[in-house]
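Here are my notes on this one, as promised. Have a look at the coordinates first, then go through the points in whatever order suits you.

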Amino acid sequence: MAETWDAASVDTQAFEQATALIDAATTVAVVGHVHPDADAVGSVCAVVRALQQRGIAAVGMIGQAEPLPSCLLSIPGASEVRTSQEAPRVDAVVVVDCASVTRAGTHAPLVEALSDACVVVDHHATNPGFGAVNLIDVGAESTTTVLLSWFKHMGIHMDTPLATALYAGLVTDTGNFRWGSPAMHTMAAELIGLGVDTRATTAALMDERSVEDLALIGKVLQRVERIIAEKTTIVAIFADYDVIADEDPSMVESMVTFVCSPKNAQVGALFKEYAPGVWSVSLRSSTVDVAAVASRFGGGGHVCASGYTTQGDWHSVKASLAETLDTI
């Protein structure tokens, strides 16, 4: 018999409490983080599908006006996820892949208002546990891995669309299985056995690029810089507002792969100026706790992969990062 995957870091009582909370609701909002990735959207779509199986009216939402990136629309159910600044009236909320309430974007007030009827499902080490019930496994490779265990506890019927949504989060958050524990392969095998088309799923999420996408990458990579601080060397890429203003955010975010394993440096950083003077910063490192760095700026994430938002010109934002790294 094939081995099946399970998350041991979330106890059975927490799963029972989460299930009781959502079963007591008639309508549920499922909220993922702003500037979503495949783990966020895959988690939203998977929870919506699972709750609908239980007869609950569930709606997936991202708290931003911008539409989902085209690559994420390949995830089953993603076309029905609402990107809006307005939240419907619901009885409860499930927040997925959000390390903090602020990551819910314009839906943060909804999450706070329903704090007594909120389930948080996440794998970020910096998550404080802001829900009434918190299903947080910091050792999990993706939020979708935590969801798989919850779904098994609930007795959810696992079909191909649901398995594909879960796989989307797993394959992307592990960098196409380049980092993670052996358990990720066990989970992947289980989902593939449910009919996931791995080639098509991965291609749509990670590989498909147009000529225009390649031209954008070329422009952004012209702004590569080595920053030498007192204790740390950083390889940084700067995506300026005038270059990325009208571009697909998912393509911009994907450029973090160029700094995931910087040679002759301890930290990789991708600075994305999504609004004039406002920078979303992605950090990567195999030797430095970048979650601790991001938390100094009000951000968070994982020890090896984290992010934050800051303001200023590119001189000041890179200087503040270097200064902070010297204090870690």
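1. Which residue in β8 is the bridge partner of isoleucine 227? Isoleucine 234 of β8 takes that place. Before you read on, keep in mind that this is a predicted model.

2. Staying with that pair of strands: β7 and strand β8 (residues 233-239) run antiparallel and are joined by 5 bridges. Another pairing to click on is arginine 226, whose bridge partner in β8 is valine 235. The connection is a hairpin, with 4 residues taking the chain from β7 to β8. On top of this, helix α8 (residues 211-221) lies across β7 and β8 and runs at about 130° to β8.

3. Zooming out, those strands belong to an open sheet of 6 strands, ordered β7-β8-β9-β10-β12-β11, and its pairing is mixed. The edge positions go to β7 (224-228) and β11 (300-301), each of which pairs on one side only.

4. There is also an open sheet of 6 strands in the order β3-β2-β1-β4-β5-β6, and here the pairing is parallel. β3 (82-83) and β6 (133-136) sit at its edges with a single partner strand each, so one side of each has no neighbour in the sheet. For a look inside this sheet, take strand β1 (residues 27-32) and strand β4 (residues 92-96), which pair in the parallel sense over 4 bridges. Valine 31, for instance, has valine 95 in β4 as its bridge partner.

5. Now the helices lying across that parallel sheet. Helix α2 (residues 38-53) lies across β1, β2 (57-62) and β4, and its direction is about 170° to β2. Helix α4 (residues 143-154) lies across β4, β5 (118-122) and β6, running at about 125° to β5. So which strand do both helices lie across? It is β4, listed for α2 and for α4.

6. Next, α2 against α5. Their axes come within 8 Å and cross at roughly 155°, and the two helices are therefore roughly antiparallel to each other. The crossing is left-handed. On the α2 side the contact is made by Ala38, Asp39, Gly42, Cys45, Ala46, Arg49 and Gln53, and on the α5 side by Pro161, Leu162, Ala165, Leu166, Ala168, Gly169, Thr172 and Asp173. Sorted by class, that contact holds 8 nonpolar, 4 polar and 3 charged residues.

7. Where do the partners in the salt bridge between aspartate 159 and arginine 49 sit along the chain? The side chains meet at 2.9 Å, N to O. Aspartate 159 is in the loop between α4 and α5 while arginine 49 is in helix α2, so to speak a link between distant parts of the chain, 110 residues apart. The count of salt bridges for the model comes to 6. As general background, side chains of opposite charge can pair when their charged atoms come close.

8. α5 also packs against α4. Here the axes come within 8 Å and cross at roughly 145°. Thr144, Thr145, Leu147, Leu148 and Phe151 of α4 meet Leu162, Ala165, Leu166, Gly169 and Leu170 of α5. The class split for this contact is 7 nonpolar, 3 polar and no charged residues.

9. Last, α5 with α6. How do these two helices run relative to each other, roughly parallel or roughly antiparallel? Helix α5 (residues 160-173) and helix α6 (residues 183-192) pack at an angle of about 155°, with axes 9 Å apart, and they are therefore roughly antiparallel. α5 passes α6 in a left-handed crossing. From α5, Ala163, Leu166, Tyr167 and Leu170 meet Met184, Met187, Ala188, Leu191 and Ile192 of α6. The residues of this contact divide into 9 nonpolar, no polar and no charged.

10. One residue to highlight when you colour the helices is Leu166 of α5. Leu166 appears in the contact with α2, in the contact with α4 and in the contact with α6.

Key. Residues are numbered from 1 along each chain as its sequence is written. This is a predicted model: local features need pLDDT of at least 70, side-chain atom pairs count only at pLDDT 80 or more; totals for chains, interfaces and linings use all residues. Side-chain values use heavy atoms; hydrogens and water are left out. Axes are lines fitted to C-alpha atoms, for helices over the stretch in contact, and angles run from 0 to 180 degrees between N-to-C directions. Angles under 35 degrees count as roughly parallel, over 145 as roughly antiparallel, 65 to 115 as roughly perpendicular and the rest as oblique. A crossing is left-handed if the near helix is turned anticlockwise from the far one by less than a right angle, and right-handed if clockwise. Contact means heavy atoms within 4.5 Å. Ala, Val, Leu, Ile, Met, Phe, Trp, Tyr, Cys and Pro count as nonpolar, Asp, Glu, Lys and Arg as charged, and the others, Gly among them, as polar. Two strands pair if DSSP finds at least two bridges between them. A salt bridge is a side-chain nitrogen of Lys or Arg within 4 Å of a carboxyl oxygen of Asp or Glu.
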